[in-house]
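The turns below ask how certain labels in a structural description are earned. Each answer sets a value against its criterion and then concludes.

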Amino acid sequence: MPGTNMTTIKPVMRGPARWLLPLCGLALLAGGLIAASAGGWMPHLSPHTSAALTPADPDADMPVPKQHSSSSSNTTHVTGIEIPLRVGLEAHVQAPLTAVLAFYRTELAKRGWQEKPDGTVVAADHAQLAFVSPKGPATLKLGRAKDETIVELVQRNTEAVAKANFLPMPGRARLIFGYLAPGVASLAINDQTIKIAGGENHPQTLDLPPGTYSYQLVVSGHTLRTNTITVAAGETWSLQLGDDDRKPDQIY
C-alpha cells in the first residue's frame with residue numbers, strides 16, 4: 001500500500017478550518033490519510049424565503065444553494081495520490097425539503113450524475129438518493145431540523161481508491177486496520193481472529209460480506225476494545241481500534 005504515515009479522519013466541524021489529525025496509540029487506517037475541510041457562512045435568512053434555489057457557484061462539482069445558512073466540505077486523501085478518495089458536503093438550507101431535493105436533482109444531472117432507482121427514499125422530513133457520478137458512487141441525504149433542510153452530499157472516487165488498494169472485492173466491504181504500538185495485537189471479527197503486527201509499516205485489510213459485525217481488540221491476552229460496525233457492498237472503512245471511543249470511519 002502507498003505511504004507509511006497513518007492518520008484518521010474525523011467528521012468536519014462547522015466553521016472555516018484546515019486540519020491534519022495524527023493518530024495516537026492504535027490506528028486502523030493505512031496509506032497516510034489526510035483530511036481537509038472548509039466551511040462558509042451566510043447571514044441568517046428568513047425561513048420563509050420564497051426565492052427559487054440557485055447554485056452559489058454554478059461550476060462547483062458539489063453544488064450548494066445560495067440560500068444556505070451554513071456549509072462545510074471535507075476531502076479524504078492518501079499520501080502520494082493527488083486526487084481525493086472521498087469528497088463530502090454538508091449544508092443547512094432554509095427552504096422546504098421538496099425544493100432542496102428538486103435543486104439537487106437538477107444540478108447533479110447537469111454534472112452528469114445519474115440517479116439510481118434502487119434504494120430511493122423520499123418522505124416529508126427526509127430523503128435519500130444514490131447516484132452514479134463520473135468519478136464513482138455518490139449519495140445525497142436530506143433531513144429537516146429547526147425549519148432548515150440539512151444536506152449531506154458524498155462522492156467517492158473509484159480511481160483514487162483503486163490506486164490506494166482500498167477498493168473492496170465485488171460484493172464485499174473492505175476494512176483497513178493496523179497497530180501502531182510495538183508488539184502484537186489481535187482482532188476478532190466474523191468468527192475469525194487476525195493477528196496484527198505492531199508498527200506503522202504493517203497495515204492490513206479484510207474483505208467481508210455486507211452486514212453488521214461485532215469486533216474485539218485483544219492485546220496481551222486482555223480485551224482492550226469492543227464495538228460493532230455495519231458495512232455495505234462496495235464500501236471501505238477504517239476501524240478505530242484505539243482505547244478511546246472513536247467510531248469506524250467510512251473512507252470510500
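Q: How many aromatic pairs does the count come to by this rule?
A: In this predicted model, the count comes to 2 aromatic pairs.

Q: What makes the pair of phenylalanine 103 and tyrosine 104 edge-to-face?
A: The ring centres of phenylalanine 103 and tyrosine 104 are 4.9 Å apart, with 85° between the planes; rings pair if their centres lie within 6.5 Å, and planes over 60 degrees apart count as edge-to-face, so both conditions are met. Phenylalanine 103 and tyrosine 104 are, moreover, both buried.

Q: Why is the pair of tryptophan 113 and phenylalanine 131 called edge-to-face?
A: The centres of these two rings lie 5.7 Å apart and their planes stand at 65°, which satisfies the limit of 6.5 Å for a pair and the requirement of over 60 degrees for edge-to-face, so the label follows. Tryptophan 113 sits in the loop between α1 and β4 (114-122), whereas phenylalanine 131 belongs to strand β5, so that the pair links distant parts of the chain, 18 residues apart.

Q: How do you know whether tryptophan 113 and phenylalanine 131 are buried or exposed?
A: Tryptophan 113 has a relative accessibility of 6% and phenylalanine 131 has a relative accessible area of 3%; buried means under 20%, so both residues qualify.

Q: What makes the contact between lysine 135 and aspartate 61 a salt bridge?
A: The closest N and O atoms of lysine 135 and aspartate 61 are 3.7 Å apart, and the criterion asks for a side-chain nitrogen within 4 Å of a carboxyl oxygen, so the pair is accepted. Lysine 135 lies in the loop between β5 and β6 and aspartate 61 in the loop between β1 (33-41) and β2 (68-78), so this salt bridge ties together parts that are 74 residues apart in sequence.

Q: Why do lysine 135 and aspartate 61 count as partly exposed?
A: Their relative accessibilities are 41% for lysine 135 and 49% for aspartate 61; partly exposed covers what falls between the buried limit of 20% and the exposed limit of 50%, so both residues belong there.

Q: How do you know that lysine 163 and glutamate 159 form a salt bridge?
A: Their side chains meet at 3.4 Å, N to O, which is within the 4 Å that the criterion allows, so the salt bridge is counted. Lysine 163 and glutamate 159 are 4 residues apart in helix α2 (residues 158-163), and therefore separated by about one helical turn. Lysine 163, with a relative accessible area of 51%, is exposed, while glutamate 159, with 47%, is partly exposed.

Q: Why are arginine 174 and aspartate 207 called buried?
A: At 10% for arginine 174 and 14% for aspartate 207, the relative accessibilities fall under the 20% limit, so both count as buried. The side chains of arginine 174 and aspartate 207 meet in a salt bridge at 2.7 Å, N to O. This pair links distant parts of the chain, with arginine 174 in strand β8 (residues 173-177) and aspartate 207 in strand β11 (residues 204-208), 33 residues apart.

Q: Why does arginine 156, with glutamate 235 as the nearest side chain of opposite charge, have no salt bridge?
A: Glutamate 235 is 5.3 Å away from arginine 156, and a salt bridge requires atoms within 4 Å, so this pair is not counted. Arginine 156, which lies in strand β7, is nevertheless buried. Among its contacts, leaving aside neighbours within four places in sequence, are Lys135, Glu235 and Tyr252.

Q: Which residues touch the most other members of the largest nonpolar core?
A: Of its 22 residues, these are Val100, Tyr104, Leu142, Val151 and Leu153. Among the elements that give two or more residues to this core are β3 (81-93) and α1 (97-110), and α1 gives the most, with 6 residues.

Q: How do you know that confidence is not uniform along the chain?
A: The protein averages a pLDDT of 80, and 73% of the residues score at least 70, whereas the pLDDT is below 50 over residues 1-32 and also over residues 39-50. Where pLDDT is low, the predicted coordinates should not be read in detail.

Notes:
Residues numbered from 1 in each chain as written. Heavy atoms only, no water. Core = buried A, V, L, I, M, F, W, Y, C linked by side-chain atoms within 4.5 Å. Buried < 20%, exposed > 50% of the residue type's maximum accessible area, 1.4 Å probe, protein only. pLDDT = per-residue confidence, 0-100. Contact = heavy atoms within 4.5 Å. Lys, Arg positive; Asp, Glu negative; His and termini not counted. Phe/Tyr/Trp six-rings, centres within 6.5 Å; stacked < 30°, edge-to-face > 60°.
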